[in-house]
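Work through the exercises below with the sequence and the 3D view at hand. Each task is followed by a solution in steps.

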Amino acid sequence: MKDTHTLLNLLLLLVYLAGSALTTDGGSGSTNGPLELTIVGPDFVKVGVPRSFDCAAQCSPSCSYRMSIDGQIWHGNELLFTARQWEESLNLTCTARNDDSGRSSTVTKILQVLAGPTNVSITGPALMSPGAPQSFKCNADCRPSCNYTWKIKGRWLGGQGNKITVTPEELATSVTLNCKAINSVSGLYAMETRTIPVTSGPSEVHVIGPDSVAVGFKSMFQCTAKCTPACDYRWTIDGLTVHGSEMEMTVERHVKSEKIMCHAQNTVSTHFEVVTKSVKVEDNDKKKILSKKYGCQAVSSLCLYKQTISGRKHQHCTAAET
């Protein structure tokens, strides 16, 4: 009987200890945590782009949370943050406090701040020559850094960095370059395209104007050519020279024809072409009437007119013959 009473006491003690253990390890009415406090969210933020973060912990019965970043404080375990300017890094802190015990825990996450790429630009010469290599550089505002790739002739080229050397083909009229700047951390990118003209010409040089002129009357002639950049033009007739793509001419002598020569020259490559146009000269009885009207003798001469920038005309004449 005594052994039975002792055994009963032992059983009651075990039941009591088991109930105490259940209450301490998280049963009804237990007080635990905060444990395993973590911040869930990206490891970087981009300037001007909102990012969300969550704070979580094992906590019984419940925890209150406070989050802070860049000097700003939020109450709660959710945070939506937008970086307004670039900094090397930001410290995001979360503190969880047990509402019953008052026990607290703090965790910190270091955020890398990214910016760009923005303001992508391609710098280099404004004009290229066939067969002559030229260097170009791509620049972008990018934090912490950017990687660069180039596209030319429809193909993307790696390993060039932000500099590339290009040699135009002999018959090329322009070269188109594409630069892609890629943020080395986020992978975000921006592009810039630039087309650079290549020197060409002169080709297809023509003199436009009448095939015949009347003595004593003005006639206009124009010289045209395909040329990059624009060509300089020079006219030559009877030893006289006039500059510009247009020329106004008055024949005042009796000849069968006049030869007009246009000289077109590329201002960069210095290549040039010369074309000649023969203009038939026809006599006109109105010349005599004009001579009497102004009390002038018939003058045998050739006059060329050049339109200047100021709008005034300069007249060049050969030696007069009575």
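A residue is called buried if its relative accessible area is under 20%, and exposed if that area is over 50%. The model used here is predicted.

**Exercise 1.** Decide whether Asn178 is buried or exposed.

Solution. Step 1: find the residue; Asn178 lies in strand β13, which covers residues 174–183. Step 2: take its relative accessible area, which is 14%. Step 3: compare with the cut-off; buried means under 20%, so Asn178 is buried.

**Exercise 2.** Find which residues Asn178 is in contact with, leaving aside neighbours within four places in sequence.

Solution. Step 1: list the contacts of Asn178, which include Thr149, Trp150, Lys151 and Trp156. Step 2: add Met191, Glu192 and Thr193, which are also in contact with Asn178. Step 3: look at the side chains of Asn178 and Thr193; a polar contact of 2.5 Å joins them.

**Exercise 3.** State which strands stand at the edges of the open sheet that five strands form, and why one side of each is left without a neighbour.

Solution. Step 1: write the order, β16-β22-β21-β18-β19, with mixed pairing. Step 2: pick out the edges, β16 (212–214) and β19 (240–243). Step 3: each of these has a single partner strand, so one side of each has no neighbour in the sheet. Step 4: note the twist, which averages 30 degrees from one strand to the next.

**Exercise 4.** Describe how β18 and β19 pair.

Solution. Step 1: locate β18 at residues 231–237. Step 2: give the sense, which is antiparallel, over four bridges. Step 3: name one facing pair; Arg234 stands opposite His243 in β19.

Key: Residues are numbered from 1 along each chain as its sequence is written. This is a predicted model: local features need pLDDT of at least 70, side-chain atom pairs count only at pLDDT 80 or more; totals for chains, interfaces and linings use all residues. Side-chain values use heavy atoms; hydrogens and water are left out. Helices (H or I, at least four residues) and strands (E, at least two) are DSSP runs, numbered from the N terminus. Buried means under 20% relative accessible area, exposed over 50%, partly exposed in between (1.4 Å probe, protein chains only). A polar contact is a pair of N or O atoms within 3.5 Å; within protein, one must be able to donate a hydrogen and the other to accept it, and residues adjacent in sequence count only if both atoms are side-chain atoms. Contact means heavy atoms within 4.5 Å. Two strands pair if DSSP finds at least two bridges between them. Axes are lines fitted to C-alpha atoms, for helices over the stretch in contact, and angles run from 0 to 180 degrees between N-to-C directions.
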